[in-house]
Amino acid sequence: MAKHVGVKLPDDLVSVLLAEKTVAILATFSEKGLPHTTPLQWVYPKGSESILISIHKDCTGYHNMVWQKKVMLCFLDEHNVAYSVLGRAGVVRAPSNIHPLMNIVRIDIIDIKNDRSTLVQVNSGVRWSYISHEAEELSKALMDELKELSRTL
């Protein structure tokens, strides 16, 4: 059963985000009301009440987010991390300083709910690996940009 936990990122979720290996699922709706989900690898906390993401400018989730503003992020990870974060999105850098097709978005938290089950626990979230050395370099550079923005925005 879901439980409201407020508007500040819980410590266990912050720890997962700082580990830089978590995939968030971004949920948006199109102008026609169609649901859409987008996996995000570049997610970083900005303080305790906002999250920064790096997202491709041609992604459907990005286009939905720009016109609609309200989004939901779902996080599932080890140590029974299971949260849904409702937020309001705003573009803070377009394009990214790292790659011309990537944009940086800040999601200000409206509400967070704990989605832990009373019957099962999350032992591991979605895991990913780099497909090349170049992909690893780009990914690290995008995360560094998010970290820098989290301190200066």
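In this predicted model, arginine 93 is a buried residue, its relative accessible area coming to 18%. That value falls under the 20% limit, so arginine 93 just counts as buried. Its side chain meets that of glutamate 145 in a salt bridge, with N to O at 2.8 Å. The pair ties together distant parts of the chain, since arginine 93 belongs to strand β7 (residues 81-93) and glutamate 145 to helix α3 (residues 133-152), with their positions 52 residues apart. Glutamate 145 is buried too, at a relative accessible area of 4%.

The arginine 93 bridge has company: a search of the whole structure turns up 10 salt bridges. Side chains of opposite charge can pair when their charged atoms come close. Helix α3 holds another example, in which glutamate 136 bridges to lysine 140 with the closest N and O atoms 2.9 Å apart. Here both partners sit in α3, four residues apart, or about one turn of the helix. Neither is buried: glutamate 136 is partly exposed at 25% relative accessible area, and lysine 140 is partly exposed at 44%. Lysine 113 and aspartate 115 also join side chains in a salt bridge, at 2.8 Å from N to O. Lysine 113 is partly exposed, with 30% relative accessibility, and aspartate 115 is likewise partly exposed, with 27%. Then there is a small network, in which salt bridges link Glu20, Asp144 and Lys147.

On to the strands. β6 (residues 70-77) has an alternating pattern of side chains: Val71, Leu73, Phe75 and Asp77 point to one face and are buried, whereas Lys70, Met72, Cys74 and Leu76 point to the other and are not. β6 pairs with β7 in the antiparallel sense over eight bridges, and within that pairing leucine 73 has valine 85 of β7 as its bridge partner. Three residues lie between the two strands of this hairpin, where histidine 79 takes a positive phi near 65°. β6 also pairs with β2, again in the antiparallel sense, over three bridges. In that case methionine 72 of β6 is the bridge partner of alanine 27.

Threonine 28 lies in β2 as well, a strand that covers residues 24-29. With a relative accessible area of 2%, threonine 28 is buried. What does the side chain of threonine 28 make a polar contact with? The partner is the side chain of asparagine 64, at 3.0 Å. Setting aside neighbours within four places in sequence, threonine 28 is in contact with Leu34, Pro35, His36, Gly61, Asn64, Met65, Gln68 and Val71. One of these, Val71, is among the β6 residues that point to the buried face.

Aromatic rings give a short list, as the count comes to one aromatic pair. The pair is tryptophan 128 with tyrosine 130, arranged edge-to-face, with 5.2 Å centre to centre and 85° between the planes. Tyrosine 130 is partly exposed, at a relative accessible area of 27%. Tryptophan 128 has a charged neighbour too: lysine 21 lies over the face of its ring, at 4.3 Å from the ring centre.

Technical notes:
Residues are numbered from 1 along each chain as its sequence is written. This is a predicted model: local features need pLDDT of at least 70, side-chain atom pairs count only at pLDDT 80 or more; totals for chains, interfaces and linings use all residues. Side-chain values use heavy atoms; hydrogens and water are left out. Buried means under 20% relative accessible area, exposed over 50%, partly exposed in between (1.4 Å probe, protein chains only). A polar contact is a pair of N or O atoms within 3.5 Å; within protein, one must be able to donate a hydrogen and the other to accept it, and residues adjacent in sequence count only if both atoms are side-chain atoms. Contact means heavy atoms within 4.5 Å. A salt bridge is a side-chain nitrogen of Lys or Arg within 4 Å of a carboxyl oxygen of Asp or Glu. Rings of Phe, Tyr and Trp (its six-membered ring) pair if their centres lie within 6.5 Å; planes under 30 degrees apart count as stacked, over 60 as edge-to-face and the rest as tilted. A charge sits over a ring if NZ of Lys or CZ of Arg is within 6 Å of the ring centre and within 35 degrees of the ring normal. Two strands pair if DSSP finds at least two bridges between them.
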